[in-house]
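Reader: I would be grateful for a close look at one part of this structure, the packing of its interior. Please begin with a single well-packed residue and work outwards from there.

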Amino acid sequence: MALRSLALASLAAAATAAPDPHAIPERYRSMDSQVRPARGARAGEYPAPRFVTQRLDHFDGSNLKRWQQAYYVNDKAWKRGSSAPVFLCVGGEGPPLDGSAVVDSVHCNVAVEWLEETGALMFALEHRYYGCHNRSACPVPDLGVKGAMRYLSSRQALGDIAAFVRFARHEYGLTEQNKWVTWGGSYPGMLAGWARLKFPHLIHAAVASSAPVRAELEMQGYFDVVGDAYAVVHEDVGGSPACREAIAEGHRRIGKMFGSVAGLEQLAALFGGNAANYADEEQQRSFAGYGVASFPAQSNDPACDTPMCDIGRICKAMTDRSLGDEVDRLAHVRRSQRGGSGARSAADVAPHAGDEEAVPGYGHGWQLWAWQTCTEFGFYQTCATGSRCIFTQGLATLSSEMDFCTRDFGIPAEVVADNIVATSDHYGSDRPSGSRVMWASGEVDPWRANSINEPFGGFPVLDVDGASHHFWTHASLPTDQDSVVAARHIIREQVRAFLAEEGAPDKAAAPMI
């Protein structure tokens, strides 16, 4: 373990300038790039950021450098001196945090919508580095210089959480009676759960939604679950086994078409472009290795309203024989999506005050999550031959998915593999020790492949039928699936049970489900 940590530290120190974000595949720029935008208030009406002084390096006592970390507060329901709980929304690599996180949250609205009843005090803590959209809240002055990302890790982020809890206790006059609950979805969900497990003396309980805590080099399960999602019928998902098979058959045929001149010409006629382009392996991978169209599973929303925007609409087309054979139907889905709008800008998802200035080298921050895949988590999504992947198999291979680690960061493949083992050793993978963490996953969310989906050791688990990536953590809407509405209730009841529990940190409340 010590040798792995030293190797990781030396590589981080030697990291080169930030890579060209366009060279990094989009799926490794963020775990959580497609989310429901915040509603209601404009950016100027959200709570303004406040700041806490943090250590640059929580693990080097001789490093005296400090930086200002942004946090947000919603204290409208809280009464100073009460024994009400404290809810902490953990920031991460999703949309950059702002004041909406504590009033109309993407990751923590189960908590936000519970504030009035519980009288809780709510904080949202911006993640180090992912907060570099704001120059005044970034641990380094320039992300484009050598070694700038060496302090970007989940362990440093957890150190920030622990230090913030100690700060807030003093700043807001909190006592041991004010029990802390961490909340988060996706990578923030991982951090929320780990914060409870690593700091049980500070964090009383946690809700970790869509949290893939099992680091893995080759994540074949991601596309396996995507395939399974297109066979889900219930909760208005609208899939079917016939749909799943039609998508898979279409991609199988495309794989064969790559092998002949006639096939290449037919692909160009159906999908556009030059036939010669379809003969290039990299072009084949980009075109068919991850699906010839957008196939939402992680971001599936049955209430969406643009062409071919969800599983149900795609499956209606893919099982419509009047559109031609399976390849013809895939071409129809692709054309329909490209003719529709549905795209959202970053400002639509997470508005920010106009006077914010990003730190140099930040760009859109796409290199940050890519860095963490190389140094901690892996999650390289392959479509292996013989797997349940419904796209053209054998194109998205492990080497093609992780080559940017060496190309852009100078981290060899064998060191990436070793880093992932170190992460699993540190956190316990999907069999950690501890208590009072609720793990929740959506049925059609591909990240469930590496999440905790079976109860063990007193950990309650919630499987949300038909739901996508932590969909229940978004603000409630009338169009939400019944399972999502029920999930919010179940989560609150479980947290209520956690909060009622007293005694030693290692005693688990009885699961409510």
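Author: In this predicted model, W180 touches V86, L88, F123, F164, V165, A168, R169, L174, L202, I203, H204 and A205, once neighbours within four places in sequence are set aside. W180 is also one of the residues with the most contacts inside the largest nonpolar core, a group that further includes F123, L143, Y230, I254, F271 and W439. That core has 122 residues. Apart from it lies another core of 32 residues, with V110, V112, M438 and L499 among them.

The setting for these cores is a chain of 513 residues, 57% of which are buried. The chain holds 16 helices and 10 strands. Of the contacts between residues at least 6 apart in sequence, 73% join residues at least 24 apart.

Helix 7 may be taken next, since I254 belongs both to its buried residues and to the residues with the most contacts in the largest core. Helix 7 covers residues 241-257, a run of 17 residues. From its first C-alpha to its last it reaches 24 Å, close to the 24 Å expected at 1.5 Å a residue. Besides I254, its buried residues are C243, R244, A246, I247, A248, G250, H251 and M257. An α-helix has 3.6 residues a turn, so residues three or four places apart point the same way. The cover over the buried residues of helix 7 includes helix 6 (221-229), helix 8 (261-271), helix 9 (281-289), helix 10 (311-318) and helix 11 (326-339).

Two of these covering helices can be described further. Helix 6 is itself mostly covered, with seven of its nine residues buried. Those residues are Y222, F223, D224, V225, V226, G227 and A229, and the buried residues of helix 6 pack against helix 7 and helix 10. Helix 8 offers a residue in another setting: A262 is found in this helix and counts as exposed because its relative accessible area, 54%, is over the 50% cut-off. The C-alpha atom of A262 is separated by 9.2 Å from that of A275, which is 13 residues away along the chain.

Helix 5 gives a further view of burial. Its 12 residues should span 16 Å at 1.5 Å a residue, and its end C-alpha atoms are indeed 16 Å apart. Helix 5 is mostly covered, with 11 of its 12 residues buried. The buried residues are Y187, P188, G189, M190, L191, A192, G193, W194, A195, R196 and L197. K198 lies in this helix too, which runs over residues 187-198. K198 is partly exposed, because its relative accessible area of 34% falls between the 20% and 50% cut-offs.

K198 also makes contacts with residues elsewhere in the chain. Leaving out residues up to four places away in sequence, K198 touches L158, H426 and Y427. The side chain of K198 reaches the backbone oxygen of H426 at 2.7 Å. K198 and Y427 are 229 residues apart along the chain, yet their C-alpha atoms are separated by 8.4 Å.

Two buried loop residues deserve attention for their backbone geometry. Most residues other than glycine have a negative phi, and most peptide bonds are trans. Y129, although not a glycine, has a positive phi of about 70 degrees. Y129 is found in the loop between strand 4 (121-125) and helix 4 (154-171), and is buried, with a relative accessible area of 0%. S210 likewise is not a glycine and has a positive phi, here of about 45 degrees. S210 is found in the loop between strand 6 (205-209) and strand 7 (216-218). S210 is buried, with a relative accessible area of 0%.

Finally, the interior contains empty space. Rolling a probe the size of a water molecule over the atoms shows where empty space is left. The count comes to five cavities of 30 Å³ or more. The second largest cavity has a volume of about 70 Å³. Its lining consists of 13 residues, of which V90, L125, H127, A157 and I161 lie nearest its centre. Strand 3 (86-90) and helix 4 are the elements that give two or more residues to this lining.

Conventions:
Residues are numbered from 1 along each chain as its sequence is written. This is a predicted model: local features need pLDDT of at least 70, side-chain atom pairs count only at pLDDT 80 or more; totals for chains, interfaces and linings use all residues. Side-chain values use heavy atoms; hydrogens and water are left out. A nonpolar core is a set of buried Ala, Val, Leu, Ile, Met, Phe, Trp, Tyr and Cys residues joined through side-chain atoms within 4.5 Å. Buried means under 20% relative accessible area, exposed over 50%, partly exposed in between (1.4 Å probe, protein chains only). Contact means heavy atoms within 4.5 Å. Helices (H or I, at least four residues) and strands (E, at least two) are DSSP runs, numbered from the N terminus. A polar contact is a pair of N or O atoms within 3.5 Å; within protein, one must be able to donate a hydrogen and the other to accept it, and residues adjacent in sequence count only if both atoms are side-chain atoms. The expected span of a helix is 1.5 Å times one less than its number of residues. On a 1 Å grid over the protein atoms alone, a cavity is a set of points where a 1.4 Å probe fits but cannot get out, and a pocket is an open set with protein on both sides within 12 Å along at least five of seven lines; lining residues have an atom within 4 Å of a point. Grid points are joined across faces, edges and corners, and a volume is the space filled by probe spheres set on the points.
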